[in-house]
Amino acid sequence: MSGTFVGMPAFPEAAHEAVNNQTLRGNLRHATHTIRAKRAKAVTEVSDWAELREAGKRIKDHTLRHLDRYLEQLETSVTAAGGTVHWAADADEANRIVADLVKATGESEVVKVKSMATQEIGLNEALLEEGIHAYETDLAELIVQLGKDRPSHILVPAIHRNRGEIRDIFEREMSEWGRPAPEGLTDTPAELAEAARLHLREKFLRAKVGISGANFMVAETGTLVVVESEGNGRMCLTLPETLISVVGIEKIVPTWQDLEVFMQTLPRSSTAERMNPYTTMWTGTTDGDGPRDFHLVLLDNGRTDTLADEVGRQALRCIRCSACLNVCPVYERAGGHAYGSVYPGPIGAILSPQLRGVTSEIDASLPYASSLCGACYDVCPVAIDIPEVLVHLRERVVQGGEVMSKGNKVVLKPAKGHAAERAAMRAARWAFGRPGALRAGQRLASRTRRLHPRSLPGPGKAWSGTRDLPAVPAEPFRDWWQRTQGGKDGAK
Ligand code: SF4
């Protein structure tokens, strides 16, 4: 398996293999059900959860509405605190900035804190092309990296692996990357964690450059916040001499008071904890304490295009808690890899097609990777109406129009495929706009119903082969209503 998602097929095809893999389904079912039950308990402990959820939504919406202002404030604050801010329009630019910064230090190794943004832009692969080795230090990310695998969950990237598989990966791969796995390693969690700890320790102590993302950026002081559970983040953020943080522009909150809301909702929604085990916050640089150089790379990469879509922009509220993945019946069966992106599950189904556009096969298929049951919306701590965005994106795919910003204009970009659906929708619009023609058509369909084929010809055959075409009634509904209810309740 390759380490990237490039060239993934459409969701149905990619999900097919996962659905038939019993081990994978067992691993996913066990893990998601365990986390979901714990989360539900942690949330019910908080009497004002609904108010916190609403507050989080409002803060994020307000910030997104005034994003330009808060980003400028953040840049000023970070710069005043001794940091340097870089702006990256897309993945290539961000990767180039980071590679140049690392090369300027003369180093060829970096340690990394788990970061969705750096996975989104394929930073590890880009650095490797420049001869720079990036070592993931989060336990699950380490498992993914050693296994030359891809992440399949936002919070637990190796959720598709069981303990036996992890032991095999450690035994096979650790010696290739550094300190080998201990002799006679078993699959008990304590032994696996100790093996990872020993393997990583030498990397922490050697690394001169750390790379991170951030969960939040506070505009008023220029403070960045990373929340994590293993302490590896604390090591990466404090030991190296140079720290480079790559962060999506939507991760900003205006004030510390705003941050307080998310520090309550994020741990309970993600790991079902009352508070986070390790919360590291830093503001620029401080003499004699922590990294001497701090660089913040602010990443757009499709976010301003997403902001241009009035319905879809709510996806930018996401705080990456992963609660929506853990309750999703589709994710539970299809697994994370089928979503063809570092953002799997319900949030991936609405975020990836917006960040990347719905022009590829995989991105045009993602809005359909849902039963629209709404469980994701119910658990989302920032109340993202994922089903609403899914339906909206389906409309964009079917209409063949992709909303794109061009300069200061919003334009429709034509998409390929779905010509038959578009033609059907155009015909429906024409008929529903002409009641007389619709009535005549319904009567004709009723009179000729015995002549209707039981399956569709041509390309429609595959569709009707697994479905029964609905029987056309002998009398259209309107005629029946007129005959039985005519004159009542205003019926005509
Ligand atoms: S969409 Fe909501 S529930 Fe899903 S990861 Fe983002 S914040 Fe969490």
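How many nonpolar, polar and charged residues does the shell around the ligand have? In this predicted model, where local features need pLDDT of at least 70, side-chain atom pairs count only at pLDDT 80 or more, and totals for chains, interfaces and linings use all residues, that shell has 10 nonpolar, 1 polar and 1 charged residues. Residues are numbered from 1 along each chain as its sequence is written, and side-chain values use heavy atoms, with hydrogens and water left out.

**Ligand surroundings**
- The residues around the ligand (a heavy atom within 4 Å of it) include Cys 318, Arg 320, Ser 322, Cys 380 and Pro 381.
- For the class counts, Ala, Val, Leu, Ile, Met, Phe, Trp, Tyr, Cys and Pro are nonpolar, Asp, Glu, Lys and Arg are charged, and the others, Gly among them, are polar.

**Domains**
- An automatic or database domain assignment divides the chain into domain 1 (11-303) and domain 2 (419-485), whose C-alpha centres lie 53 Å apart.
- UniProt, in an unreviewed entry, lists residues 71-298 as "domain: LUD", an annotation that may be inferred rather than shown by experiment.

**An open sheet**
- In the order S8-S5-S6-S9, 4 strands (DSSP E runs of at least two residues) form an open sheet with mixed pairing, where pairing requires at least two DSSP bridges between two strands.
- Strands S8 (252-253) and S9 (278-283) stand at the edges with a single partner strand each, so one side of each is left without a neighbour in the sheet.
- Strand S6 (residues 223-228) pairs with S9 in the antiparallel sense over 6 bridges, and Thr 223 has Thr 283 in S9 as its bridge partner.
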